[in-house]
Amino acid sequence: STQSTWGTPKPSVAFIGYSGTGKSSLINFLAGHEVTMVGEVETTHTISKVYETEHTDFFDTPGYNEERSYEEDEPISLIMSVHLVVICYTERIESILNLARFVSKCGTPYVGLHTYIIVRNKKDQMKTPERSLQIERSKSNTEYICYCSSVTGDGIDVLKRQAIEVSQVRI
């Protein structure tokens, strides 16, 4: 069953998104040290639990691209078994909305919990993040979107707060 494959006794979070969106870098920042490899090219090749705290298990996933889809059995079983999915992107929100709808349709076995948070990583590389956030919130039709930087730490507090609000997961 899905739960026996990925389910953990404590809350869990999976980081998904296109290749190069900083999923592994974000996990490393949250961990406070390197727990998963990062690089200029795709460095994550399999879904794996890469870090755990007393409260939460963290799963890293390979990036979504032309060769790899989340619409395969293994990613679907992960999405359906974790408490929270963090969907990372770095460009326009439109690029990730289909993935957000897909994650929402997969659902979560945890009644009453929101399924995902959308995170625009690499905020430190943006020119006008506050204006962009307002526009992208309206396009995404969710309040659970935040901008952060795994380089500067800017916005990480918002991500942590949203994780608790939507799924009671401490990241």
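The following dialogue explains how to read the main features of this predicted model.

Colleague: What should be known about the model before it is read?

Modeller: This is a predicted model, in which local features need pLDDT of at least 70 and side-chain atom pairs count only at pLDDT 80 or more, while totals for chains, interfaces and linings use all residues. Residues are numbered from 1 along each chain as its sequence is written, and side-chain values use heavy atoms, with hydrogens and water left out.

Colleague: Which elements have the lowest and the highest mean pLDDT?

Modeller: The term pLDDT is the predictor's confidence in each residue, from 0 to 100. The protein averages 83, and 90% of the residues score at least 70. Among its elements, helix α1 (residues 2-6) has the lowest mean, 44, and helix α2 (residues 23-31) has the highest, 95.

Colleague: How many helices and strands are there in the protein?

Modeller: Helices (H or I, at least four residues) and strands (E, at least two) are DSSP runs, numbered from the N terminus. The protein has six of each, in the sequence pattern α-β-α-β-β-α-β-α-β-α-β-α.

Colleague: What is the order of the strands in the sheet?

Modeller: Strands of a sheet pair through backbone hydrogen bonds, either parallel or antiparallel. Here, two strands pair if DSSP finds at least two bridges between them. The six strands form an open sheet in the order β2-β3-β1-β4-β5-β6, with mixed pairing. Strands β2 (48-52) and β6 (145-147) stand at the edges with a single partner strand each, so one side of each is left without a neighbour in the sheet. Strand β5 (residues 116-120) pairs with β6 in the parallel sense over three bridges, and R120 stands opposite Y147 in β6.

Colleague: Where does helix α6 lie?

Modeller: Axes are lines fitted to C-alpha atoms, for helices over the stretch in contact (heavy atoms within 4.5 Å). Angles run from 0 to 180 degrees between N-to-C directions. Helix α6 (residues 156-167) lies across β4, β5 and β6, at about 165° to β5.

Colleague: How many disulfides are there?

Modeller: A disulfide is a covalent bond between the sulfur atoms of two cysteines. The criterion is a pair of cysteine sulfur atoms within 2.5 Å, and the count is zero. The sulfur of C148 is 5.0 Å from the closest cysteine sulfur, in C146, too far for a bond.

Colleague: Are C146 and C148 buried or exposed?

Modeller: Buried means under 20% relative accessible area, exposed over 50%, and partly exposed in between (1.4 Å probe, protein chains only). C146 is buried, at 1%, and C148 is buried, at 0%. Of the 171 residues, 52% count as buried.
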